[in-house]
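Visitor: Hi, I have a new structure open and would like to talk it through. Could you walk me around?
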Amino acid sequence: MVTKSLDVDNDVLLNSILKLGDNSKESYVIFDATNHHIIVECNESFCNLTNASRSQILKTNYFAWLSDEKMTTIKMIKEKIHNGIMVQAKLHHKGINKPLFWAEIQALPFRNDTNITQYVLVLMKDVTYDHTEDFLMRLENDMYKAIERDSSFEQKMHIICHGIDEFFMPNTSSMVLVKTESNLLQAFTDNCRSKDVPRCCENNDFFTKVMQSETSIFIENLDEVHIPDDHKQFATISHKPYGLFIPIRNQQRQVIGLFSIYYEQAQIDPAYFKHM
C-alpha cells in the first residue's frame, strides 16, 4: 500500500516538473536521480539539439551525454543535486552523429516526500557560438598583452597552443610548426609540454604536402605518415591517436607553417576543427 502511494506521489511530482519544463521554452530532460540518473522525459527541442530521437534518449544515463573531460565538474553536479541544490554549469555535451557542443545547463532537483532527490529537471541551451567568441577574444587579448610586454615569438606560440588545448581540453594536444630560413620547422607546444619534443625538425614530404594543401588533412593512423618519432610519441603519451594537420598562412596568403592537432576521434569530429 505504501509503495503504491509513493508511486502516485512520484507521478504527480513528475507531471508537475513536466509542466515546468514545457513552460520554460528551453530544451530539457528529466532524469530519475534514484535510478542511475536514467532519463524519463525530454522535449523535442532536446532531441533536435542532440540530433537524437526520443527512443535514443529515454532510459539512458543523462551523464553519459556529457563529455568526461571534466569529471570533477560532473562529480560536483551529482553531489549538489543529491543534496537538493540547484546547479549551473557550462560543459561539453554530446549528440548523435554531430560534434560536441558547449551547453549551458541548469539542473533543478526535486525531492519526494521522504526528502530524497527523486527527479532532476535539466534546462539546456547551446552556447557554442558564444563560448567560441569568448575564447577567441581571450586569446586575442592574451596576444595583445604579449605584444605589449614585448614577449618573444616562442612565448606567443606557447600562448596559442595553450589556448587551443584549454578550449578543447582534455581532448587535444596541439603543436605549431613554423618554417625557418634554413627550411626546418620550429616546433612550439603548450609551455608544460615544451620539453616533450625537439625544438626543430626537418620539413619532410608530408609536412610539405600539408602546407601546400588548401584544406586540412585528417590522419586516422599516425604510423602511416612520415612525421618525426618524437611527434608520434607526443601524441601517444597524450593518448591522442588521431591527427589533424592544418596549413597556416599569413595575411599575404603565404604559407608560414602548420598546426598539428592530435586528438581522440571518438570525442571530437574533424569537422569541428574545420569549422573553427
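Guide: Happy to. One term to begin with: a residue counts as buried when its relative accessible area is under 20%. Keep in mind that this is a predicted model.

Visitor: Okay, let's use that right away. How many residues of strand β1 are buried?
Guide: For β1 (residues 27–32) the count is 6 of the 6, so the strand is largely enclosed by the rest of the structure.

Visitor: Which residues sit on each side of β1?
Guide: Ser27, Val29 and Phe31 are on one side, while Tyr28, Ile30 and Asp32 are on the other. They are all buried, and both faces of the strand are covered.

Visitor: Which strands are joined to β1?
Guide: One is β5 (residues 117–126), joined to β1 by 6 bridges and running antiparallel to it. Another is β2 (residues 38–42), joined by 4 bridges, and that pair is antiparallel too.

Visitor: Take Ile30. What stands opposite it in β5, and what is its bridge partner in β2?
Guide: In β5, Ile30 stands opposite Leu121. In β2, its bridge partner is Glu41.

Visitor: And the turn between β1 and β2, how many residues are there between the strands?
Guide: The hairpin has 5 residues between its strands, and His36 takes a positive phi there, near 60 degrees.

Visitor: Switching topic: cysteines. How many disulfides turn up?
Guide: The search of the whole structure gives 0.

Visitor: Why is Cys42 not in one?
Guide: Its closest cysteine sulfur belongs to Cys47 and is 3.9 Å away, too far for a bond, because a disulfide needs the two sulfur atoms within 2.5 Å. Cys201 is in no disulfide either: the nearest cysteine sulfur, in Cys200, lies 7.5 Å away.

Visitor: Are those two cysteines buried or exposed?
Guide: Cys42 is buried, at 5% relative accessibility. Cys201 is buried as well, with a relative accessible area of 9%.

Visitor: Now the 6-stranded sheet. What is the strand order?
Guide: It is an open sheet with the order β8-β7-β6-β11-β10-β9, and the pairing is antiparallel. The edge strands, which pair on one side only, are β8 (200–202) and β9 (217–219). From one strand to the next, the twist averages 25 degrees.

Visitor: How is β9 held to β10?
Guide: The two run antiparallel and are joined by 3 bridges, with β10 covering residues 242–249. Ile219 has Gly243 as its bridge partner in β10, and Phe218 stands opposite Leu244.

Visitor: Then how many bridges are there between β10 and β11?
Guide: There are 8, again in the antiparallel sense. Leu244 has Ile261 as its bridge partner in β11. Their hairpin has 5 residues between the strands, and Arg253 takes a positive phi near 65 degrees in it.

Visitor: Which strands does helix α7 lie across?
Guide: Helix α7 (residues 205–212) lies across β6, β7, β8, β9, β10 and β11, and it runs at about 60 degrees to β10. Helix α8 (residues 229–237) also packs on the sheet, where it touches β6, β8 and β11. The direction of α8 makes about 160 degrees with that of β6.

Visitor: Great, that gives me plenty to look at. Thanks!

Terms used:
Residues numbered from 1 in each chain as written. Predicted model: local features only at pLDDT ≥ 70, side-chain atom pairs only at ≥ 80, totals over all residues. Heavy atoms only, no water. Buried < 20%, exposed > 50% of the residue type's maximum accessible area, 1.4 Å probe, protein only. Pairing = 2+ DSSP bridges. Axes fitted to C-alpha atoms, helices over the stretch in contact; angles between N-to-C directions. Contact = heavy atoms within 4.5 Å.
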